[in-house]
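Here are some short exercises to work through with the model open beside you. Try each task before you read its solution.

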Amino acid sequence: MSGHQHPAGHHRFGRGRAAHLAVALLAALTLGGCGLVSGSAMTDNVRPGPKAGYPGRPLSGAQLTVTSKEFTEQIVLGQMMGIVFEAAGAKVIDKTSIQGSIGAREAVKSGTADAAYEYTGTGWITYLGHTKPIVDPHEQWKAVRDEDAKNGIVWLPASTLNNTYALALNSANFKKLAVRDLSDVAALSRKKPGAVTMCVENEFATRNDGLPGMARAYGMKVPSANVRKMTGGVVYTETEKGTCAFGEVFTTDGRIKAMHLHVLADDKHFFPNYNVAPEINAKALKKYPAIAEVLAPVTKALNNTVAQELNRKVDVDGEDPHEVAKNWLIQEGFIKEA
């Protein structure tokens, strides 16, 4: 569950092509149908903490199943959701770490799971089939919430945690090249083409919402000889070493801080918003409306700094995602040991 889990799972999969979607959907439905996604009961002895924001234990008597995709950030968020449900009195089945975006999505849609943390951009582009993201994060969330209601899914308010693409560089290059945003990179690419070298994932190199689209939107001139393709994890180490001036990163990755990388502003808002929000099965929410008030303060407290820190504990320090989630919830006062 640690190191190799790339926080980009929802991007690599989430913005895939229709054929991939169909195959994955079929696999997910088959999986759900055969009951292969078995879950285990969570066994934390926890109660609401001083910052829980609700009285008593409003989910007493409820049995709720939580799910997530299989990359670090998702697993931590799924554990978090399960633990706060436990604190509110629910019995919780843990079906986190399902492979690929579609599996977790289908589990919530079909009711084999009750809730998950999902990304607004993934909802809009992958599940609802739109190609153009909405620039304003709140409007993006509203559009997803309104359109997804017909699928029997409720999107509760989103957090400011936004796991999207970015370009980053190491401290030496940050000082040397004096760039602060992607427009600066574009200006540099036109003035000194040789200075703009990039380490990117294979898929980012070819996607419309990746390098080609970004280069078009900003007017970047990056010769293909200046672009080195590699797997996600290697991008970070090569960028840290300065093998490439710029590396493609995900904004909530724990390695950004651990490796002292500087993230450049997407000043033209080219990349979609991937704000995290609870995605709840509508029937489950109707039966247990307290789900919304139990999750609200936790979601509100999530942001990119928190995500980077929690992801780092798992990916860099090798800590257990469940313990990382639980310790943060205790530290923030959302739960306490019973």
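**Exercise 1: a buried acid**

Task: Find out what surrounds the side chain of Asp 266, which is buried yet has no salt bridge.

Solution. Before starting, note that this is a predicted model, where local features need pLDDT of at least 70, side-chain atom pairs count only at pLDDT 80 or more, and totals for chains, interfaces and linings use all residues. Residues are numbered from 1 along each chain as its sequence is written, and side-chain values use heavy atoms, with hydrogens and water left out.

- Step 1: Check the terms. Buried means under 20% relative accessible area, with exposed over 50% and partly exposed in between (1.4 Å probe, protein chains only). A salt bridge needs a side-chain nitrogen of Lys or Arg within 4 Å of a carboxyl oxygen of Asp or Glu.
- Step 2: Look for a partner of opposite charge (Lys and Arg count as positive, Asp and Glu as negative; His and the chain ends are not counted). The nearest such side chain to Asp 266 is that of Lys 268, 9.0 Å away.
- Step 3: Turn to the backbone. The side chain of Asp 266 reaches the backbone nitrogen of Phe 270 at 3.0 Å and that of Phe 271 at 2.9 Å.
- Step 4: Add the neighbours. Leaving aside those within four places in sequence, Asp 266 is in contact (heavy atoms within 4.5 Å) with Leu 182, Tyr 218 and Phe 271.
- Step 5: Place the residue. Asp 266 is found in the loop between β11 and β12 (276–281); strands are DSSP runs of E of at least two residues, and helices are runs of H or I of at least four, numbered from the N terminus.

**Exercise 2: the sheet**

Task: Work out which strands lie at the edges of the open sheet of 5 strands.

Solution.

- Step 1: Write the order, β9-β8-β10-β7-β11, with mixed pairing. Two strands pair if DSSP finds at least two bridges between them.
- Step 2: Read off the edges, β9 (227–230) and β11 (262–263), each of which pairs on one side only.
- Step 3: Follow β11 inward. Strand β7 (residues 165–169) pairs with β11 in the antiparallel sense over 2 bridges, and Leu 169 has His 262 as its bridge partner.

**Exercise 3: the disulfide**

Task: Which cysteines form the disulfide, and what does their link tie together?

Solution.

- Step 1: Find the pair. Cys 199 and Cys 244 have sulfur atoms 1.9 Å apart, and the cut-off for a disulfide is within 2.5 Å.
- Step 2: Locate both ends. Cys 199 lies in strand β8 (residues 198–201) and Cys 244 in the loop between α10 (232–241) and β10 (246–250), so the link joins parts 45 residues apart in sequence.
- Step 3: Check exposure. Both Cys 199 and Cys 244 are buried.

Terms used. Polar contact = N/O pair within 3.5 Å; in protein donor to acceptor, adjacent residues only side chain to side chain.
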